[in-house]
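Please open the structure in your viewer and keep the selection tool at hand. The tour below moves from one selection to the next and says what is there at each stop.

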Amino acid sequence: MFPCLRQKRFRPRPRTVRPHSGFLGLQGRDFVNPVRETSEAIVGAITGSLSVPRTLLLGRYDDDGRFQYIGRTTSLARAAGAAIAGLLAAGQRGHPWTGWSFSAGWGSREKLNVTLVEP
């Protein structure tokens, strides 16, 4: 582990945002605006087993009604995996991602072993 992460004084710095116009309100001080955008996604596949999923592969339907892959979660804690496991059902024949392969990471040739689930 990195030594700086063990220090009590370590805290992630908030993102500083300046207006595009160059005008700095608040008497010339930068203002801090935590940037957080959320979006809903649908689980289309998992790594691990249906009873203990490790990561979730997420998708969304595009404007043409196709289920598109958009990303993957980080490794799930056991409690989170157990909570989600009860909501998952094995994918049926004709799943939109049948025949797809998913990379284990950027620049990696390793493929993920995934289990398709009902979106």
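Begin by selecting Asp-62, Asp-64 and Arg-66, which are linked in a network of salt bridges; the model you are looking at is a predicted one. The side chains of Asp-62 and Arg-66 meet in a salt bridge of 3.1 Å, taken from N to O, while Asp-64 also forms a salt bridge with Arg-66, with the closest N and O atoms 3.4 Å apart. The count of salt bridges comes to two. As background to this stop, side chains of opposite charge can pair when their charged atoms come close.

With those three residues still selected, ask of each whether it is buried or exposed, or something in between. Asp-64 is exposed, because its relative accessible area is 60% and the cut-off for this class is over 50%. Asp-62, at 24% relative accessibility, counts as partly exposed, and Arg-66, with a relative accessible area of 48%, is partly exposed as well.

Next, select strand 4, residues 53–61, together with strand 5, residues 67–72, which run antiparallel and are joined by five bridges. The hairpin of these strands has five residues between them, and there Gly-65 takes a positive phi near 85°. Further along the pair, look for Leu-57, which stands opposite Arg-72 in strand 5.

Now zoom out to the whole protein chain, whose secondary structure comes to two helices and six strands. Read along the sequence, these elements follow the pattern α-β-β-β-β-β-α-β. Of the 119 residues in the chain, 18% are buried. If you switch on a surface display, keep in mind that the chain exposes about 9,800 Å², of which carbon and sulfur atoms supply 52%.

Which residues make up the largest nonpolar core? Select Val-43, Ile-46, Leu-56, Leu-58, Leu-76, Leu-88 and Val-117, the seven residues that form it. Strand 3, residues 42–48, and strand 4 each supply at least two residues of this core. In soluble globular proteins, nonpolar side chains tend to be buried together.

Stay with this core and centre the view on Val-43, which has its place in strand 3. Leaving aside residues up to four places away in sequence, Val-43 touches Leu-56, Leu-57, Leu-58, Leu-88, Val-117, Glu-118 and Pro-119. Draw a line from the C-alpha of Val-43 to the C-alpha of Gly-59, and you will find the two 6.3 Å apart in space, although they are 16 residues apart in sequence. Then move to Val-117, which, again not counting residues up to four places away in sequence, has among the residues it touches Val-43, Ile-46, Leu-50, Leu-88 and His-95.

For the next stop, select Ala-45, Phe-67, Trp-97 and Phe-102, which are included in a second, separate core of five residues. Three of the names in this selection carry aromatic rings, and they lead on to the ring pairs.

The count of aromatic pairs comes to seven. The rings of Phe-67 and Trp-97 have their centres 4.8 Å apart and their planes at 15°, so this pair is stacked. Phe-67 lies in strand 5, whereas Trp-97 lies in the loop between helix 2, residues 78–85, and strand 6, residues 114–116, so the pair ties together parts that are 30 residues apart in sequence. Both partners count as buried, because Phe-67 has 3% relative accessibility and Trp-97 has 1%.

A further pair to select is Trp-100 and Phe-102, which is tilted, with 6.1 Å from centre to centre and 45° between the planes. How exposed or buried are Trp-100 and Phe-102? Trp-100 is partly exposed, with a relative accessible area of 40%, whereas Phe-102, at 5% relative accessibility, counts as buried.

To finish, show Tyr-61, Phe-67, Tyr-69, Trp-97, Trp-100 and Phe-102 at once, since ring pairs link them into a cluster.

How values were computed
Residues are numbered from 1 along each chain as its sequence is written. This is a predicted model: local features need pLDDT of at least 70, side-chain atom pairs count only at pLDDT 80 or more; totals for chains, interfaces and linings use all residues. Side-chain values use heavy atoms; hydrogens and water are left out. Helices (H or I, at least four residues) and strands (E, at least two) are DSSP runs, numbered from the N terminus. Buried means under 20% relative accessible area, exposed over 50%, partly exposed in between (1.4 Å probe, protein chains only). Accessible areas come from the Shrake-Rupley method with a 1.4 Å probe; for residues, only the protein chains shown count as cover. Two strands pair if DSSP finds at least two bridges between them. A salt bridge is a side-chain nitrogen of Lys or Arg within 4 Å of a carboxyl oxygen of Asp or Glu. A nonpolar core is a set of buried Ala, Val, Leu, Ile, Met, Phe, Trp, Tyr and Cys residues joined through side-chain atoms within 4.5 Å. Contact means heavy atoms within 4.5 Å. Rings of Phe, Tyr and Trp (its six-membered ring) pair if their centres lie within 6.5 Å; planes under 30 degrees apart count as stacked, over 60 as edge-to-face and the rest as tilted.
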